[in-house]
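Subject: Structure handover and what turned up in it

Hi there,

Here is the structure I promised to pass on. Have a look at it first, and then read on for what was found.

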Amino acid sequence: MHTGSGSNSGAGLYLAGGSFTMNGTASISSNTAQQRGAGIYVDATTENVSVTIGGTAQIYQNKSVETGGAIYIENGATTSATITLKDGIKIPYYTLTGTNATTYAGKNDVYFNGGLITVSETEALTDTAEVNVTPASYT
């Protein structure tokens, strides 16, 4: 999934319910969202969602005007997303310069908003893995 733009949320992938697995050498890159979740928008507001990312998969150079350039996770009051990160995945922070730096707050980070998020390791992350996570608030 490469070079999606113009979407409010989920320019690369919009997931509302069900499950999504990304592994091997798959990548989601160079997407732009006018709101949130340029790479992947996970909508768990009405039903549970499961996302698994492993292998040497990469999510990179995604940017959103608000938050969650790589992945934005929205939970409901009684539903939630389960995110499983494993192996040597790469979700590197995207350093923007000039006008892009002031326009896009979501610089390829993983952002979760409310509810219960479980980041589990069914298989340990390797020492080459790279992930930047931003919660809505720290408790």
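A residue is called buried here when its relative accessible area is under 20%. Please keep in mind that this is a predicted model.

With that cut-off in hand, a good place to start is strand β7, which spans residues 49-53. Four of its five residues are buried, so by the under 20% cut-off this strand is mostly covered. What does β7 pair with? Strand β3 (residues 18-22) runs parallel to β7 and is joined to it by five bridges. Strand β11 (residues 81-85) also runs parallel to β7, again with five bridges between them. You can follow one row across these strands by eye: Ser19 stands opposite Ser50 in β7, and Ser50 in turn has Thr82 of β11 as its bridge partner.

The overall picture

The chain has 139 residues, and 45% of them are buried. Its secondary structure comes to one helix and 17 strands. Among contacts with a separation of 6 or more, 84% are between residues 24 or more positions apart. The chain exposes about 6600 Å², and carbon and sulfur atoms supply 47% of that area.

Two open sheets

One open sheet has five strands, in the order β2-β6-β10-β14-β17, and its pairing is parallel. At its edges are β2 and β17 (133-135), each of which pairs on one side only. From one strand to the next, the twist averages 10°. Inside this sheet, β10 and strand β14 (residues 110-113) run parallel and are joined by four bridges. If you want a pair to click on, Ile73 has Phe112 in β14 as its bridge partner.

Another open sheet has four strands, ordered β1-β5-β9-β13, and here the pairing is mixed. The edge positions belong to β1 (7-9) and β13 (106-107); each has a single partner strand, so one side of each has no neighbour in the sheet. Strand β9 (residues 63-64) pairs with β13 in the antiparallel sense, over two bridges. There, Ser64 has Gly106 in β13 as its bridge partner.

The tyrosines

Which residues do ring pairs link into a cluster? They are Tyr14, Tyr41, Tyr72 and Tyr111. The count of aromatic pairs comes to three. One of these is Tyr14 with Tyr41, a stacked pair at 4.9 Å centre to centre with 10° between the planes. This pair links distant parts of the chain: Tyr14 sits in strand β2 (residues 13-15) and Tyr41 in strand β6 (residues 40-44), 27 residues apart. Are these two buried or partly exposed? Tyr14 counts as partly exposed because its relative accessibility is 42%, whereas Tyr41 is buried, with a relative accessible area of 8%.

Tyr41 has a ring pair with Tyr72 as well: the ring centres are 5.3 Å apart and the planes are at 15°, so this pair is stacked. Tyr41 in strand β6 and Tyr72 in strand β10 (residues 71-75) are 31 residues apart, so here too the pair links distant parts of the chain. Both Tyr41 and Tyr72 are buried.

A salt bridge

Side chains of opposite charge can pair when their charged atoms come close. How many salt bridges does a search of the whole structure find? The search finds one. The partners are Glu66 and Arg36, whose side chains meet at 3.0 Å, N to O. Glu66 lies in the loop between β9 and β10, while Arg36 is in strand β5 (residues 32-36), and the two are 30 residues apart. Glu66 counts as partly exposed because its relative accessibility is 31%. Arg36 is partly exposed too, with a relative accessible area of 25%.

If you open the model with one thing in mind, try the tyrosine cluster of Tyr14, Tyr41, Tyr72 and Tyr111, and then turn to the salt bridge between Glu66 and Arg36.

Happy viewing, and best wishes!

Key. Residues are numbered from 1 along each chain as its sequence is written. This is a predicted model: local features need pLDDT of at least 70, side-chain atom pairs count only at pLDDT 80 or more; totals for chains, interfaces and linings use all residues. Side-chain values use heavy atoms; hydrogens and water are left out. Rings of Phe, Tyr and Trp (its six-membered ring) pair if their centres lie within 6.5 Å; planes under 30 degrees apart count as stacked, over 60 as edge-to-face and the rest as tilted. Buried means under 20% relative accessible area, exposed over 50%, partly exposed in between (1.4 Å probe, protein chains only). Contact means heavy atoms within 4.5 Å. Accessible areas come from the Shrake-Rupley method with a 1.4 Å probe; for residues, only the protein chains shown count as cover. Two strands pair if DSSP finds at least two bridges between them. A salt bridge is a side-chain nitrogen of Lys or Arg within 4 Å of a carboxyl oxygen of Asp or Glu. Axes are lines fitted to C-alpha atoms, for helices over the stretch in contact, and angles run from 0 to 180 degrees between N-to-C directions.
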